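Reader: Hi! Could you walk me through this one? I'd like to start with how you decide what counts as exposed.

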Amino acid sequence: MSTPKDFLAVVDSDARKTPRRIAFITKRTSPQVRVKDEDRVMTYPEVFFRATVAIETLAIALVITALLWDAPLEGLADPMHTPNPAKAPWYFLGLQEMLHYFPPVVAGVLVPGLVVMALIIIPYFNINIEAEGMWVKDKARRLRIFGIVVVLFCIFLAVFHVWVALVPTLIMAALMYMAAQTDPQTATGYRRSLVSKPLSFWIMTWFLFELVVLTVIGTFFRGPGWSWVLPWKGAL
Amino acid sequence: MANTLDQLVDQVRENRIWRSIFRSGTGESNLHKSLFVQQNVFLHLFSIKARKRTLEFSATWYLGALTFGTFMILVITGVLLMLYYHPSVPQAYADMKDLQYVVSSGVFLRNLHRWSAHAMVFLVFAHMFKVFYRGAYRTPREFNWIIGVVLLLVTLLLSYTGYLLPWDQLAFWAVTVGSNIASAVPLMGAKIRFLMLGGTAVNANALLRFYVLHCVILPLAAILFIAVHFWRIRKDGGIYAGDHSSEGSNQ
């Protein structure tokens, strides 16, 4: 018997769904069911296609950049002739800016070491999985600790004349204080969202703020002898 | 026309040799699509299905994929640049000039490598902060966050070691500034600096060390950790979808 070619057998491989979970609800557990079925798509081709489009868009942008702007190339390396200022790559200029204020063991070893340690600790530090707002509980005590830490840290920065790090710190402290003074029940918009932020959010945002400020200053506003310059004007 | 092309493609894909390499076979069913991913040594790092919400642009901004994209561009352009480069003093600098004036598209190759490197450093940072603000680092993804921190450091080291290779003033003094920081480490600072540079100053030995690190050791480390990073996404229940209520439906 010949096989007829004019029909196609299609097996819907989705016929067998993801196994259902059955929850036994005992007396002491809440019967609230939070897991819901979600729309899923096949990784091939859907996800790979999107990732490829994203990567190709970036590749085109980089190719255009490479066609329009040349990579810098200065004269042959000369150990006898130090350029002023001698700058590290841009992603280290935040550190180099710190090096201007602190001894190398602090700015070059302690600070980056602590940053890496902090980054590793982050997922374990955030113990309450609900990521509860910093000022939701125990506000008076937390405000006291917060005040002491901020004042001590600002004195430390002022002693070393690190105004460039002090200003972002004060701005962040002001935002945190504002969040503490906001009533979560009546607040709206961004103030409401600030109230709900946990401590890890504030530390990371402060770090990002400092990183951007110090890197931008080191890259654009520092000239000979690490003095202040304006990028469009030269030395001040 | 399209029909004959389809037939041709199907014929190739049903061919015995093709089937011996790619076993998923022809067909459009979800089973075939699953096998396509599952039976490929590289693709099987990824899960077969993904939650639709995680593909929205706002979920990730595709920063991880874009970082990987820059890494691939860097490997390709980097291997091509190696063909024209000698890690010796002062030949390294002469090779830069050759890239500029002698090698076809040499300037373009170097430009693309350099701008992609800057883009990769920036994207790695952006990816990290995006993951943080999404809260995607929390249980069960803690370990993958740490792998990410390692990859951040590997990326910075890759960029830093590559910075010396042109052997121009910019390269020499940037690395001198950096290596002086290493000597500030208490007790063994001078030893670390000596190990790093292969001498007491940035010289030909340092160039060779940075070259080996930049072209062999660090890329291999990066590939290894990227593989673990991708694989852990699948093992940790796919890309973070935005709230913990959906976490129960892990694969």
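Author: Happy to! A residue is buried if 20 or more other C-beta atoms lie within 10 Å of its own, exposed if 12 or fewer, and partly exposed in between. Please keep in mind that this is a predicted model.

Reader: Thanks. So is Ser105(B) buried or exposed, and why?

Author: Ser105(B) has 12 other C-beta atoms within 10 Å, so it is exposed. Its place is the loop between α6 and α7 (106-134) of chain B.

Reader: What about its phi?

Author: The phi of Ser105(B) is positive, about 55°, although the residue is not a glycine. Trp226(A) is also not a glycine, and its phi is positive at about 55°.

Reader: Where does Trp226(A) sit, and how does its exposure come out?

Author: Look in the loop between α7 and β2 (229-230) of chain A. Trp226(A) counts as partly exposed because it has 16 C-beta neighbours inside 10 Å.

Reader: OK, zooming out. What does chain A look like in terms of helices and strands?

Author: Chain A has seven helices and three strands. Their order from the N terminus is β-α-α-α-α-α-α-α-β-β.

Reader: And how much of chain A is buried?

Author: Of its 236 residues, 15% are buried. As for contacts with a separation of 6 or more in chain A, 56% are between residues 24 or more positions apart.

Reader: Let's switch to the interface. How many residues does each chain bring to the contact?

Author: Chain A brings 61 residues and chain B brings 69. On the chain A side, the elements giving two or more residues are β1 (40-42), α1 (43-68), α3 (104-125) and α7 (199-220).

Reader: Which of them gives the largest share?

Author: That is α1(A), with 14 residues. By type, the side of chain A that touches chain B splits into 42 nonpolar, eight polar and eleven charged residues.

Reader: And what does β1(A) pair with?

Author: β1(A) runs antiparallel to strand β1 (residues 49-51) of chain B, and three bridges join them. Within that pairing, Met42(A) has Lys49(B) as its bridge partner.

Reader: Last thing, since I may set up a simulation: which peptide bonds are cis?

Author: One of them runs from Tyr44(A) to Pro45(A), with omega near 5°, and Pro45(A) lies in helix α1 of chain A. Another runs from Val89(B) to Pro90(B), with omega near -5°. Pro90(B) is placed in the loop between α5 (63-82) and α6 (91-101) of chain B.

Reader: Lovely, thanks!

Note on methods:
Residues are numbered from 1 along each chain as its sequence is written. Chains are lettered from A and ligands numbered from 1 in the order in which they are written. This is a predicted model: local features need pLDDT of at least 70, side-chain atom pairs count only at pLDDT 80 or more; totals for chains, interfaces and linings use all residues. Helices (H or I, at least four residues) and strands (E, at least two) are DSSP runs, numbered from the N terminus. Two residues are in contact if their C-beta atoms, placed from the backbone, lie within 7 Å. Ala, Val, Leu, Ile, Met, Phe, Trp, Tyr, Cys and Pro count as nonpolar, Asp, Glu, Lys and Arg as charged, and the others, Gly among them, as polar. Two strands pair if DSSP finds at least two bridges between them.
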